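This briefing sets out selected features of secondary-structure packing and sheet architecture. The sequence and model are shown first, followed by notes grouped by topic.

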Amino acid sequence: MSHTVEKISGSSMAAFDAVLDNIILKPEPRARYNRIIVVPAYKGITDALLESKKNSEPGVYHYALDGSNLWESKLDSVLQRLLLVNESVFADPMVRRKADDFIIKRTTDTRRWIRENLSSKRLQTKIREQLAAIGEVHSAYNTALKAKRYGVQTKFIDLADSSNDSSQSFDTKVRNNLADVDLSCELPVVAAYSTHEINNTCQHDRRYGDLTLSRIAAITDAKQAIIHKSHHLSSGDPILIGEGQVSPMSNSNYQVVNQLSALSNDVVHPAAIAELSEKNIDLHMRCTFEPEHPGTFISRDHCSTEHKVELVSGKEDVCSLKVELKNHSIDLNQLEKQLQLQSEFNLLHKYMKGNVAHYYFNCEVGHFGAILTKVKKLVPDSDITIQQVALLSVLGSKIEPEKTLLKGCHALERNGIKPLHTYKSENKNSVKFVVSSAHYRASSCALHGAFLQS
């Protein structure tokens, strides 16, 4: 098929008129098709259904698990929010009534199913999935319904299992739903959430829309995947460095973006990057609010024609673990495998030399004690140091590691910052700097200024 698979970001959905105008209706009528659109929930809805991404404030799901009857009143509150969204989206009362009836029925069915299965611990994940799906199907259904009012022939597709339909795999469900779709004159609008594992990846880290995008692109042999975000993929974090100081990236490759994704949850899920790269499907990152801007093209084979840094990224609160073995018979690789079995510990970087290993984990400070306890149990005869640091990475498809390292260190030192550790990647596309967490912002500005601001 000569088509694209396109995902809209949740932050873009906060400005639904812009999504409709700049993504769905922007192309000429004949060019609106040969696309598959993946739609997430409206901004803030999944937080209310599951938990807040920013502060972990509990949503309906956690109240349900606690055995509190409050979960039903919390679900009522979410439903009222969904109906208010409908009021803002649909001016025609008849069309709005259709949208209201759809989400009321879907919420009622989910409520009934949860009541019947709440006591079963083995169905806790399923409860989470069913709740998350409410927000996704609401926005996708609305998008399909609204676009149809403007003459676009749409088909709403829900990949989230109903309570009595869990036998089909994700791939089978996608193929069955698209079997009778003529992409040349129909626009499928797919709810981003699926109650399936995709490529053995559970959809629990809230970036499941990326997995839905990449898998549909792979299954349907798409010519390109597109992600419409509320901002550009830029040379640095505009919040840290300043909106006027960063610039949109034009081209990059999957190796660079994969490293960026590990440091930032606001990019693309690493599993989605891996699948698109494996299938050699290019990814186009675009800004919803600047439809004329070319955006960023990401491919497997892109390499800059000159040595240059493309972006600076980092993570402020990282767990730094140093293990120095006294017993040389212990295998450090086994220690790493045991640590990575813990879903709360995401390994960002490692460095081993002799009997010393340095690990950098993306995890909350509250998990530091668990890491320390586990390491002491696995390698009791060792010296262990654990601390909170910031990890910054200077990235590019073609850089000179030695010169980049030297220039980066000088930039930090000019700002009174002494790196705790530095690392060069073997594939010559990144140099990492470890600094104290207190120096994260200043380090980001110093590195970006040195490499990307003339």
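In this predicted model, helix α8 passes helix α9 in a right-handed crossing. Helix α8 covers residues 170-178 and helix α9 covers residues 208-219. Further points on this pair come first, followed by the two open sheets and the helices that lie across one of them.

**Packing of α8 and α9**

- The two helices pack at an angle of about 65°, and their axes are 11 Å apart.
- Because angles of 65 to 115 degrees count as roughly perpendicular, α8 is described as roughly perpendicular to α9.
- On the α8 side, the contact is made by F170, D171, V174 and R175; on the α9 side, T212, R215, I216 and I219 take part.
- By residue class, the contact of α8 with α9 comprises four nonpolar, one polar and three charged residues.

**The sheet of eight strands**

- Eight strands form an open sheet with mixed pairing, in the order β3-β4-β2-β1-β5-β7-β8-β6.
- The edges are occupied by β3 (154-157) and β6 (251-253). Each has a single partner strand, so one side of each is left without a neighbour in the sheet.
- On average, neighbouring strands of this sheet are turned by 20° against each other, direction ignored.
- Within the sheet, strand β7 (residues 282-287) pairs with strand β8 (residues 296-299) in the antiparallel sense, over three bridges.
- H284 has F297 of β8 as its bridge partner.

**The sheet of six strands**

- A second open sheet is formed by six strands in the order β10-β11-β9-β12-β14-β13, and its pairing is antiparallel.
- Its edge strands are β10 (346-353) and β13 (421-424), each of which pairs on one side only.
- From one strand to the next, the twist averages 30°.
- Seven bridges join β10 to strand β11 (residues 356-362), and this pair is antiparallel.
- N346 stands opposite N362, a residue of β11.

**Helices lying across the six strands**

- Helix α14 (residues 368-378) lies across β9 (311-325), β11 and β12 (382-395). The direction of α14 is at about 125° to β12.
- Helix α15 (residues 401-414) lies across β12, β13 and β14 (430-436). With respect to β14, α15 runs at about 25°.
- Strand β12 is listed among the strands crossed by α14 and among those crossed by α15.

Technical notes:
Residues are numbered from 1 along each chain as its sequence is written. This is a predicted model: local features need pLDDT of at least 70, side-chain atom pairs count only at pLDDT 80 or more; totals for chains, interfaces and linings use all residues. Side-chain values use heavy atoms; hydrogens and water are left out. Two strands pair if DSSP finds at least two bridges between them. Helices (H or I, at least four residues) and strands (E, at least two) are DSSP runs, numbered from the N terminus. Axes are lines fitted to C-alpha atoms, for helices over the stretch in contact, and angles run from 0 to 180 degrees between N-to-C directions. Contact means heavy atoms within 4.5 Å. Angles under 35 degrees count as roughly parallel, over 145 as roughly antiparallel, 65 to 115 as roughly perpendicular and the rest as oblique. A crossing is left-handed if the near helix is turned anticlockwise from the far one by less than a right angle, and right-handed if clockwise. Ala, Val, Leu, Ile, Met, Phe, Trp, Tyr, Cys and Pro count as nonpolar, Asp, Glu, Lys and Arg as charged, and the others, Gly among them, as polar.
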